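User: I am new to this structure and would be grateful for a close look at one part, the place where the two chains meet. Please set out what forms that part and how it sits within the chains around it.

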Amino acid sequence: MKQANGDKCIKLKLKVWRQKTQGSKGRFESFKAENISKDMSFLEMLDVVNEKIILSGKPPIAFDHDCREGICGSCGAMVNGRAHGPEKGTTLCQLHMRHFSDGDTVVIEPWRSRAFKVVKDLVVDRSALDKIIQAGGYVSVNTGGVPDGNAIPVPQEIAEKAMDAAECIGCGACAAACPNASVMLFTGAKISQFALLPQGHPEAKKRVLAMVGKMDQLGFGNCTNEKECAAECPKEISIINIARMNREFLKSGLFS
Amino acid sequence: MKLDSKIPDGPLSEKWDRHRFELKLVNPANKKKFKILVVGTGLAGASTSATLAELGYEVETFCIQDSPRRAHSISAQGGINAAKNYQNDGDSIWRLFYDTIKGGDFRSREANVYRLAQVSNNIIDQCVAQGVPFAREYSGMLANRSFGGAQVSRTFYARGQTGQQLLLGAYGALSRQIAAGKVKLFTRRDMLDLVVIDGKARGIIVRNLVSGDLEKYSADAVVLATGGYGNVFYLSTNAMASNVSAAFASYKKGAFFANPCFTQIHPTCIPVKGTYQSKLTLMSESLRNDGRVWVPKTPGDKRLPGQISESERDYYLENKYPGFGNLVPRDVASRNAKNQCDMDKGVGDTQLAVYLDFEDAIKRSGQDVIGKKYGNLFKMYEKITADNPYETPMKIYPAVHYTMGGLWVDYNLMSTIPGLFVLGEANFSDHGSNRLGASALMQGLADGYFIIPYTIGSYLAEAPLGKIDEDHKEFSLSSLEVETRIKKLISIEGGRTVDSFHRELGRILWEYCGMSRNNSGLKKAKKLIRDLRVEYWENVLVGGSEKDFNQSLERAWRVADFLEFGELMVIDALERQESCGGHFNEKYQTDTHEALRDDKHFCHVSAGEFRGDNRKPKFHKEPLTFENVKLTQRSYK
C-alpha cells in the first residue's frame, strides 16, 4: 500500500472540547494534527490524532461513530460552529479533509442541546430521540396476520415523499443546529412518513399528539422558522416536514 | 458429540408446516413467566425482541450503540429478496430456494434454505404493513429489481437504503414494545460472556460502556443476534464496532463455531486509499444491473479511462459469462477482479481497482433515470473519492463484506448449548459458502419475525428450567474472569496501540485467508497470528482505566478475541481441502479457474469445538444431504 502523497498532506490545529463525565467541568484542549492526508475522512483524522495521544499516555478523544458511511447516525459534532462541519448534506464520517486547508484551526465541540447531555468529550446522550419514537413513531402492527404487500397500493409520488422523510438518520444535528434546540425536523420527518402512507392513517391523530407532547416534555424547544435544521441536516430532510407535522397537529385538535 | 440438525422428516415443502405443528406451545398465560435476553438490535435482534414481546414473553434487549437504530443492518443498501413473483417472470419459492442453494455452492442445508424462501413473502407483507417506504411503480404496486446470481427480478428496495428502512421498521416495532413496558432496553452494553448453568444458557455478563461496570443478567434463554465477524480483517464494509466477541465467548462456553473460513468478499467497494484507512465502503451490487465492469486489454495501460477506446477495453465478466454477464454472484465477480489486477490490468493510482462504467446506461436511459436509481450511491462515491461517476467510470475493488460462517445452530436456530439461540449473520445456517445479494436482510428478518417465535417457545415449554438469579455462583465466576482479563489488558502498558495490532492481523488474513488461499500461505498465517497474539499480550498499550468510558479498552477486548478467532478461521480453511464459494483454495480449481468442490469428502458443515486456550479445536462434521437438488458444478456462463 502506497503512503499518502506528501503534497496531499496538511497540518491543522485542533481545539477539542474535553469533558471527563456528564457532571464534570469541560474545557478546550489543543492538539496538532500533522501529516493529514486530504483523502482522509474527518474521523480518520481524529483516529490519527488519537493514536498519538494514546502513545503519549493520555486519554484519547472520545467520539461516537460506527458505520462510517453516513447512515447509522452515530457520529456528529460541531466543527467550527457547524453541525457535521462545513459541507452540505454530509455526516462527519463522510466529511473529507480535502475541504480543509493547510494551517487551519478547527474547533470541535459536542452537540449542544438541553436534551442531549454530554457523556464524555464529544459523546452525548441522545436517548431523548428514542423516547420520541417510542411515543408513537411506528405503525401499531404485530408480527403476522397482515395483508399481501400489494394489497396496500401506494402512489409512487407518495412513496417517494415518504421516503424523503424516512431518510432521517436520527443523528441529532437538527437540534444541535437550532438556536432553540428544537427537534421538530426529526419528529416531523417521522410523522410525515406515516401521515403520507396509508398504513399510518388509522393512528395519525394519536401519533402526532403523543410525539409532539413527548418532544415538549423532554425539553426541546419550539420552531421559530430559523431553518438551521434543514440547512445542516446531513440527509437534507426538508423543512416541509415540520409544516406537515404542524398541519397534522392542528388537524388532530380541530377534529377530535 | 454428534451434531443433530433436527431437520424434520417429510417432503421439503411440508417440513416447516409439519414442524410448526409438532413444536410445543407455551400457554399464553405462562409466557410472561419466561425471561429472554436478546443481544443485538439489528434486523434479527430487533425483530426478535419485538415479536417475542408481542407474544407476551419478558424481554431484555442489549445493544452496543447509544440507540438500537444504529445496528449495522442500517447500512445495507441494495434490497431484500422475496419469492413473490410480482413480475410474473418465472419466480417461485422453489426458484428462490434453488438460486440460494446454488449461489451458496451447495454448502447449506436444503431444509433451512427452503424455509427461508417460504417465509420471504411474509417478510415483505410485514414490512409493508409497518410502513416501510419501498419503491413503487406508477400503479402503486411494489417495484422490483434484479440482483447478482439471479435471472428474475425479486429484489424489493427502498432507494439505496433498504437496510435502513427495514431496520427502522423493526426498530419501530421494538420501540412500541419498549413503550408498552414489555421490552427493557439496555444501550451502550457490550456482552463479554455467556453464563451457562447446568449445561444451559442462563445469562450474560455485559460491560456498561459508560461507567465501565460489569453487569449480570439472568434469564431462561439467550438469543444472540450480534452479526458477523468481518472486522477480523480490520478493513471491511462492517461498522467499526462490529465484532466476534459475544459469539466467541459463547464458543468458549461450548457453542460450536461452524464454517468460520466462509467469508464473503464483495466485488463492488471503493478501493483502499492509504494506510490510515479505517473502513471500506460498499457500493451496492445493484449497480451491476446497469454498470459495466471493464479493464484495459493491455497490461500496464495507465491512460485515463476516456482515452481507452471501446476496442481496447476488456468487459471481462460479459465476455467470460455471457449468461449472467455483470450479474454473476459475488464470489465469482470478486475473484475475477483480483485475477485482472494480478495480470497487471488494474486501474487507478494503486492499480488495485477495476472500472464500473455507467456511460452506456446513461446513453440508453438518460441521466435522470440512472440518477433516480443510484443517485445517492453516486453522491456517496463522489464524496469519498472526489470523482463524478456520471462523467467518469467508478473505480471499484473487492472488500470483506459478510461472513457466512457463524455459530452452529440446528433447524430451531439453537446452538450446541441448550437455551442459546443464534440468529442472522451470527449463525451459519442459510448461505453455504457464498451469500447471494439481498439475502442477508431476508435471513435476519426471517429468523427474527417468523422462526424464533415458534422454536424458542417449544424449548421453553419442554426444558425443565430451575429458578436461578444473578446471585448464582456461575455469574460471579464469569464476571471475575471477565474482570481479570480486562485488568490484564490494561496492565500491559506496552508500546503498540490496539489498532496497530488489528491492522497487522487484518493484513495477514487478507493476504493468506482472503479471496484466494493456498496451504502454505495458510500455515504461514497460522504462525504469524500466533506470534502476533503473543506479542499482543506483552506489548499492547490500552491506556485509561476500566471504570470509565474507554473506547480503546472496548477495541482491545474485541481485538484480543479476533486474534484467537483469526487462527480458528485459518485452521478451518486448512481443514477444508476443496474450493467452494468464497473459500477458494488455489489447489482446487477447474480449468477455467472456478472453485472446484470435492463433494465426496467435504459435503459437510465443519463445526469447531473449543478445547482450551492454545489447544487445537476439534472439528465435528454435519453431513449435508441433498434430496431435492442435484449437486452440479456452478455455472454462470
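Analyst: In this predicted model, 67 residues of chain B are in contact with 70 residues of chain A. On the side of chain B that touches chain A, at least two residues each are supplied by helix 2 (43-55), helix 4 (110-130), helix 5 (162-179), helix 10 (367-385) and helix 15 (551-575) of chain B. Helix 5 of chain B gives the largest share of that side, 9 residues. By class, the residues of the side of chain B that touches chain A comprise 27 nonpolar, 27 polar and 13 charged.

Helix 5 of chain B merits a description of its own. The helix has 18 residues, and the distance from its first C-alpha to its last is 25 Å, close to the 26 Å expected at 1.5 Å a residue. Helix 5 of chain B is also mostly covered, with 17 of its 18 residues buried. Just after this helix, Gly181(B) takes a positive phi of about 80°.

A further contributor to the contact, helix 15 of chain B, contains Ser552(B). Is Ser552(B) buried or exposed? Ser552(B) has 23 C-beta neighbours inside 10 Å and therefore counts as buried. Leaving aside residues up to four places away in sequence, Ser552(B) touches Ile54(A) and Pro60(A) in chain A, together with Val498(B), Val542(B), Gly543(B) and Gly544(B) in chain B. Tyr234(B) is 318 residues from Ser552(B) in sequence, while the two C-alpha atoms are 15 Å apart in space.

The domains of chain B give the wider setting. Chain B is divided into domain 1 (268-400) and domain 2 (473-619), and the C-alpha centres of these two domains lie 31 Å apart. Their contact takes 6 residues from domain 1 of chain B and 6 residues from domain 2 of chain B. On the domain 1 side of this contact, the largest share, 5 residues, comes from helix 8 (residues 330-342) of chain B. The residues on that side of domain 1 divide into 1 nonpolar, 2 polar and 3 charged.

Chain B also holds an open sheet of 5 strands, in the order 5-2-1-9-17 and with parallel pairing. Strand 5 (183-186) and strand 17 (420-422) of chain B are at the edges; each has a single partner strand, so one side of each is left without a neighbour in the sheet. On average, neighbouring strands of this sheet are turned by 20° against each other, direction ignored. Strand 1 (residues 35-39) of chain B is mostly covered, with 4 of its 5 residues buried. Strand 1 runs parallel to strand 2 of chain B, and 5 bridges join the two; here Leu37(B) stands opposite Glu60(B) in strand 2. Strand 2 (residues 58-62) of chain B also pairs in the parallel sense with strand 5 of chain B, over 4 bridges. In that pairing, Thr61(B) has Leu185(B) in strand 5 as its bridge partner.

Across the contact stands chain A, which has 8 helices and 7 strands. The C-alpha trace of chain A spans about 60 × 40 × 35 Å along its principal axes. Of the 256 residues of chain A, 52% count as buried. Among contacts in chain A between residues at least 6 apart in sequence, 71% join residues at least 24 apart.

Chain A, too, is divided into two domains, domain 1 (6-120) and domain 2 (127-254). Taken over C-alpha atoms, the centres of domain 1 and domain 2 of chain A are separated by 29 Å. Their contact takes 18 residues from domain 1 of chain A and 16 residues from domain 2 of chain A. The side of domain 1 of chain A that touches domain 2 has 7 nonpolar, 8 polar and 3 charged residues. Within chain A, helix 5 (residues 184-196) is mostly covered, and 13 of its 13 residues are buried. At 1.5 Å a residue, the 13 residues of helix 5 of chain A should span 18 Å, and the 17 Å between its end C-alpha atoms agrees with this.

Technical notes: Residues numbered from 1 in each chain as written. Chains lettered and ligands numbered in written order. Predicted model: local features only at pLDDT ≥ 70, side-chain atom pairs only at ≥ 80, totals over all residues. Expected span 1.5 Å × (residues − 1). Buried ≥ 20, exposed ≤ 12 C-beta atoms within 10 Å, placed from the backbone. Contact = placed C-beta atoms within 7 Å. Nonpolar A, V, L, I, M, F, W, Y, C, P; charged D, E, K, R; others polar. Domains from an automatic or database assignment. Pairing = 2+ DSSP bridges. Axes fitted to C-alpha atoms, helices over the stretch in contact; angles between N-to-C directions.
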